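Reader: I have a model to look at, and I keep meeting labels. Please show me how each one is earned.

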Amino acid sequence: MGKIKNKKRAKLITGIQVNDYFHVSTQQAHPIFCLKYLDKEKYTLTACTKKEKAGFADTLFRLSQLTWTTITNSPQHGLGYEKIARTSICAPIPTDITDDVTFIAFRFYGKAPMVGYQAMPLS
C-alpha cells in the first residue's frame, strides 16, 4: 500500500482520520460504517423508498458523529442500539463472521432496524 502524501486531502476523501483508533479507547472512538455485508438480494437499499434511504443516510451520519459511549447510553429506539440474537437474523450470515460476534440493531426511519456488529479495531 502506498504512502499517503497529503494526509489532509486523504481525510477529506475518506471522511475518517487514519489514527482515530490508535489514540483513544474503543468506547471513545466514533463508529465507522461499512456496507460490505449488505444483503444484495432480499435486504437491500434498492428495496427502500427514497424516504427510507434518506433516513438510513441521516442515521448513519448522526451516529458517526457520536462516540460508542454516547451511543451505548442512548435509548435503543433513539440513537442507541439493542443486542440481537444470532438466531433472530433472517439474512444469511457471512462465513467470515465468527460465532462469538454479538449483533446489534440500530433504528432508522421510525423503527426500521439495521443490523450489524461492532468490530474491534486492529492493533
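Reader: Are Glu 82 and Arg 107 buried or exposed?

Author: This is a predicted model. In it, Glu 82 is buried, and Arg 107 is buried too. That label requires a relative accessible area under 20%.

Reader: What makes Glu 82 and Arg 107 a salt bridge?

Author: Their side chains meet at 2.5 Å, N to O. The cut-off is 4 Å, so the pair qualifies. Glu 82 sits in strand S1 (residues 82-84) and Arg 107 in strand S2, 25 residues apart.

Reader: How many salt bridges does the rule give?

Author: Three. Another joins Asp 58 and Arg 62, at 3.5 Å, N to O. Both belong to helix H2 and are four residues apart, about one helical turn.

Reader: Why is Asp 58 called partly exposed?

Author: Its relative accessibility is 37%. Partly exposed runs from 20% to 50%, so Asp 58 fits. Arg 62, at 40%, gets the label partly exposed by the same test.

Reader: And what makes Asp 99 exposed?

Author: Asp 99 has a relative accessible area of 69%. Exposed means over 50%, so the label holds. Asp 99 forms a salt bridge with Arg 86, at 3.6 Å, N to O. Arg 86 has 26% relative accessibility and counts as partly exposed.

Reader: Now the rings. How many aromatic pairs are there?

Author: A search of the whole structure finds six. One of them is Phe 56 with Phe 108, whose ring centres are 5.5 Å apart.

Reader: Why is the pair of Phe 56 and Phe 108 called edge-to-face?

Author: Their planes stand at 80 degrees. Edge-to-face needs over 60, so the name follows. Phe 56 lies in helix H2 (residues 50-64) and Phe 108 in strand S2, so the pair ties together parts 52 residues apart in sequence. Phe 56 and Phe 108 are buried.

Reader: What makes the pair of Trp 68 and Phe 106 tilted?

Author: The angle between the planes is 40 degrees. That is neither under 30 nor over 60, so the pair is tilted. The centres are 6.4 Å apart, and the limit for pairing is 6.5 Å. Trp 68 and Phe 106 also belong to one aromatic cluster with Phe 33 and Tyr 81.

Reader: Last one. How do you know that S2 and S3 pair?

Author: Pairing takes at least two bridges. Strand S2 (residues 103-108) and strand S3 (residues 112-117) have six, in the antiparallel sense. Ala 105 stands opposite Val 115 in S3.

Technical notes
Residues are numbered from 1 along each chain as its sequence is written. This is a predicted model: local features need pLDDT of at least 70, side-chain atom pairs count only at pLDDT 80 or more; totals for chains, interfaces and linings use all residues. Side-chain values use heavy atoms; hydrogens and water are left out. Helices (H or I, at least four residues) and strands (E, at least two) are DSSP runs, numbered from the N terminus. Buried means under 20% relative accessible area, exposed over 50%, partly exposed in between (1.4 Å probe, protein chains only).
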